[in-house]
Amino acid sequence: MIYRTAQQGWSAELSNAAIVRTSDDARALLAESVADDVGAVGAYIAPVEVKDGKIEPGNLREQIRSEGVTIGLSVPA
């Protein structure tokens, strides 16, 4: 997983992700992300929770994805 940063770049760290608070800002950020179809494919808006200054996934899908693969792989990931 990668996340869009406030500097319009990409990061593998959720703590570097751009966080917006309105749907209009989220749609604008998504439009910029989709336009960069080389840096990331299939961009979408994902909720987060900010707890004690720490950013955590805000829905079950992202919580599961943040833990890594959920099946055994025949080769190292």
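# Notebook: strands, charges and surface

I started at the hairpin, where V48 stands opposite P57 in strand 4. The model is a predicted one, in which local features need pLDDT of at least 70 and side-chain atom pairs count only at pLDDT 80 or more, while totals for chains, interfaces and linings use all residues. Residues are numbered from 1 along each chain as its sequence is written, and side-chain values use heavy atoms, with hydrogens and water left out.

**Entry 1: the outline.** I looked up the secondary structure and found 2 helices and 4 strands. Helices (H or I, at least four residues) and strands (E, at least two) are DSSP runs, numbered from the N terminus. Along the sequence I read the pattern β-β-α-β-β-α. The C-alpha trace spans about 40 × 35 × 20 Å along its principal axes. I also checked burial: 17% of the 77 residues in the chain are buried. Buried means under 20% relative accessible area, exposed over 50%, and partly exposed in between, with a 1.4 Å probe and protein chains only.

**Entry 2: strands 3 and 4.** How do strand 3 and strand 4 pair, in the parallel or the antiparallel sense? They pair in the antiparallel sense, over 4 bridges. Two strands count as paired if DSSP finds at least two bridges between them. I then compared the faces of strand 4: I55 and P57 are on the covered face, K54 and E56 on the uncovered one. I noted the general rule beside this: in a regular strand the side chains alternate between the two faces of the sheet.

**Entry 3: positive phi.** The hairpin of strand 3 and strand 4 has 2 residues between the strands, and D52 takes a positive phi there, near 55 degrees. D52 is not a glycine. I noted it because most residues other than glycine have a negative phi. D52 counts as exposed, at 85% relative accessibility. I found another case in Q8, also not a glycine, with a positive phi of about 65 degrees. Q8 is in the loop between strand 1 (3-4) and strand 2 (10-11).

**Entry 4: a nonpolar patch.** Which residues make the nonpolar surface patch of about 200 Å²? I found I19, V48 and V50. Patches are made of residues with over 30% relative accessible area and no salt bridge; like charges are joined within 9 Å, and nonpolar side chains (Val, Leu, Ile, Met, Phe, Trp, Tyr) within 5 Å. The accessible areas come from the Shrake-Rupley method with a 1.4 Å probe, and for residues only the protein chains shown count as cover. V50 is found in strand 3 (residues 48-51). V50 can belong to the patch because its relative accessible area is 47%, which is partly exposed.

**Entry 5: salt bridges.** How many salt bridges does the structure hold? I found 5. A salt bridge is a side-chain nitrogen of Lys or Arg within 4 Å of a carboxyl oxygen of Asp or Glu.

I looked at R4 and D36, whose closest N and O atoms are 3.7 Å apart. This pair links distant parts of the chain, with R4 in strand 1, D36 in the loop between helix 1 (23-35) and strand 3, and their positions 32 residues apart. R4 is buried, with a relative accessible area of 12%, whereas D36 is partly exposed at 25%.

E49 and K51 form another salt bridge, at 3.3 Å between the closest N and O atoms. E49 is partly exposed at 33%, and K51 is partly exposed at 42%.

The side chains of R65 and E62 meet in a salt bridge at 3.6 Å, N to O. Both lie in helix 2 (residues 60-66), 3 residues apart, about one turn of the helix. R65 counts as partly exposed at 37% relative accessibility, while E62 counts as buried at 6%. Elsewhere, salt bridges that share partners join E49, K51 and E56 into one network.

**Entry 6: charges over rings.** Which ring does the charged end of R4 sit over? I found the ring of W10, with a distance of 4.8 Å to its centre. A charge sits over a ring if NZ of Lys or CZ of Arg is within 6 Å of the ring centre and within 35 degrees of the ring normal. R61 lies over the face of Y44, 4.6 Å from the ring centre.
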